[in-house]
Amino acid sequence: MGAGKTTIGRQLARRLGRPFFDSDHEIVERTGVPIPTIFEIEGEDGFRRREAQTIFELTSVSGIVMATGGGVVLDPENRRRLRATGWVVYLNVPPLMLYQRTRHDRNRPLLQVEDPLARLESLHEARDPLYRESAHLVVEGGQLVASGVVQYLIREFDQLCLEM
Ligand SMILES: Nc1ncnc2c1ncn2[C@@H]1O[C@H](COP(=O)(O)OP(=O)(O)O)[C@@H](O)[C@H]1O
Ligand SMILES: O=C(O)C1=C[C@@H](OP(=O)(O)O)[C@@H](O)[C@H](O)C1
Ligand SMILES: [Mg+2]
């Protein structure tokens with residue numbers, strides 16, 4: 001959360017001239033309610049079921065750029081499908097920076113706790129191996145501005161296309 005998936009995904013899609021989908025946005029569109037409301041009514045489990053269904057559908061569409069929610073890697077089938085159907089990028093950003101970017105945002109239910117930085121640290125530790133297992137490319141650090149990451153990804157993607 002706060003790594004820049006939505007921001008960078010949208011910019012990357014625009015630069016590549018491809019359609020952009022954000023799995024969280026799809027879930028909100030389909031249910032007609034914001035993510036915190038889904039967590040309130042159906043719990044995290046309910047949200048994860050909707051997320052897995054959305055990932056299943058979006059990984060069936062080719063030629064798109066997709067941003068996922070940060071918890072998508074918890075489900076082994078999500079990880080398998082994403083890796084098998086797409087070119088997966090992990091934006092690895094230190095928890096303190098994630099905290100600075102998300103601290104005023106009330107739209108992430110998992111961070112509405114007394115100590116959001118500690119929550120981000122423990123999520124990062126638990127999920128980092130899962131992100132690495134899923135990704136074809138890891139962008140380390142989070143120091144680059146979003147447009148810089150996009151430029152880097154376009155170069156890497158062009159190189160990949162040349163090699164194919
Ligand atoms: N590379 C970046 N450098 C600085 N701020 C960024 C960067 N990427 C995203 N942000 C900012 O961080 C916040 C969270 O970004 P977002 O794209 O919603 O992350 P995610 O979808 O991974 O949770 C937004 O305010 C966004 O403008
Ligand atoms: O990390 C997570 O478990 C979540 C990340 C969120 O998306 P972002 O990573 O875009 O913030 C959203 O899917 C939900 O609040 C749960
Ligand atoms: Mg997002």
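The following paragraphs go through the helix contacts, the ligand shells and a few single residues of this predicted model.

Two packed helices are described by the angle between their axes and the distance between the axes. Helix 1 (5–16) packs against helix 7 (residues 146–163) at an angle of about 50 degrees, and the two axes are 9 Å apart. Helix 1 and helix 7 are therefore oblique to each other, since angles from 35 up to 65 degrees fall outside both the roughly parallel and the roughly perpendicular ranges. Their crossing is right-handed. On the side of helix 1, the contact is made by Thr 7, Ile 8, Gln 11, Leu 12 and Arg 15. Helix 7 contributes Ala 146, Ser 147, Val 149, Val 150, Leu 153 and Ile 154. Sorted by class, the residues of this contact are seven nonpolar, three polar and one charged.

Several members of this contact can be looked at one by one. Thr 7 lies in helix 1. With 17 C-beta neighbours inside 10 Å, Thr 7 counts as partly exposed, because that class lies between the limit of 12 or fewer for exposed and 20 or more for buried. Thr 7 and Ala 146 are 139 residues apart in sequence, but their C-alpha atoms are 7.2 Å apart in space. Ser 147, 140 residues from Thr 7 in sequence, has its C-alpha atom 9.3 Å from that of Thr 7. Ser 147 belongs to helix 7 and is exposed, having 12 other C-beta atoms within 10 Å.

Leu 153 is also in helix 7. Is Leu 153 buried or exposed? There are 22 other C-beta atoms within 10 Å of Leu 153, so this residue is buried. Not counting residues up to four places away in sequence, Leu 153 touches Leu 12 and Val 89. Leu 12 is one of the helix 1 residues in the contact with helix 7. The C-alpha atoms of Leu 153 and Glu 121 are separated by 26 Å, with their positions 32 residues apart along the chain.

Helix 1 and helix 7 also take part in the surroundings of ligand 1, where each supplies at least two residues of the shell. The largest share, four residues, comes from helix 1. Of the 14 residues around ligand 1, those that come nearest are Gly 4, Lys 5, Thr 6, Thr 7 and Arg 101. Thr 7 thus appears both here and in the contact of helix 1 with helix 7. By class, the shell of ligand 1 holds eight nonpolar, four polar and two charged residues.

Ligand 2 has a shell made up of Met 1, Lys 5, Thr 6, Asp 24, Ile 35, Gly 69, Gly 70, Gly 71, Arg 108, Pro 109 and Leu 110. These divide into four nonpolar, four polar and three charged residues. Lys 5 and Thr 6 are listed around ligand 2 and also among the residues that come nearest to ligand 1.

One residue of the ligand 2 shell, Ile 35, is placed in helix 3 (residues 35–58). Ile 35 counts as buried, because it has 20 C-beta neighbours inside 10 Å and the class begins at 20. Leaving aside neighbours within four places in sequence, Ile 35 is in contact with Asp 24, Val 28, Asn 107 and Pro 109. Asp 24 and Pro 109 are themselves in the shell around ligand 2. Asp 24 is 11 residues from Ile 35 along the chain, and the C-alpha atoms of the two are separated by 7.6 Å.

Helix 6 (residues 116–134) takes part in two helix pairs. With helix 5 (residues 95–102), the axes come within 9 Å and cross at roughly 130 degrees. Helix 5 and helix 6 are therefore oblique to each other, and the crossing is right-handed. Pro 95, Leu 96, Leu 98 and Tyr 99 of helix 5 meet Pro 116, Leu 117, Leu 120, Glu 121 and His 124 of helix 6. By class, this contact has seven nonpolar residues, one polar and one charged.

The other partner is helix 4 (residues 76–85), which packs with helix 6 at an angle of about 30 degrees, their axes being 9 Å apart. Helix 4 and helix 6 are therefore roughly parallel to each other, as angles under 35 degrees count that way. Here Arg 79, Leu 82 and Arg 83 of helix 4 meet Leu 130, Glu 133 and Ser 134 of helix 6. The classes in this contact are two nonpolar, one polar and three charged.

Conventions
Residues are numbered from 1 along each chain as its sequence is written. Chains are lettered from A and ligands numbered from 1 in the order in which they are written. This is a predicted model: local features need pLDDT of at least 70, side-chain atom pairs count only at pLDDT 80 or more; totals for chains, interfaces and linings use all residues. A residue is near a molecule or strand if its C-beta atom, placed from the backbone, lies within 6 Å of it. Ala, Val, Leu, Ile, Met, Phe, Trp, Tyr, Cys and Pro count as nonpolar, Asp, Glu, Lys and Arg as charged, and the others, Gly among them, as polar. Axes are lines fitted to C-alpha atoms, for helices over the stretch in contact, and angles run from 0 to 180 degrees between N-to-C directions. Angles under 35 degrees count as roughly parallel, over 145 as roughly antiparallel, 65 to 115 as roughly perpendicular and the rest as oblique. A crossing is left-handed if the near helix is turned anticlockwise from the far one by less than a right angle, and right-handed if clockwise. Two residues are in contact if their C-beta atoms, placed from the backbone, lie within 7 Å.
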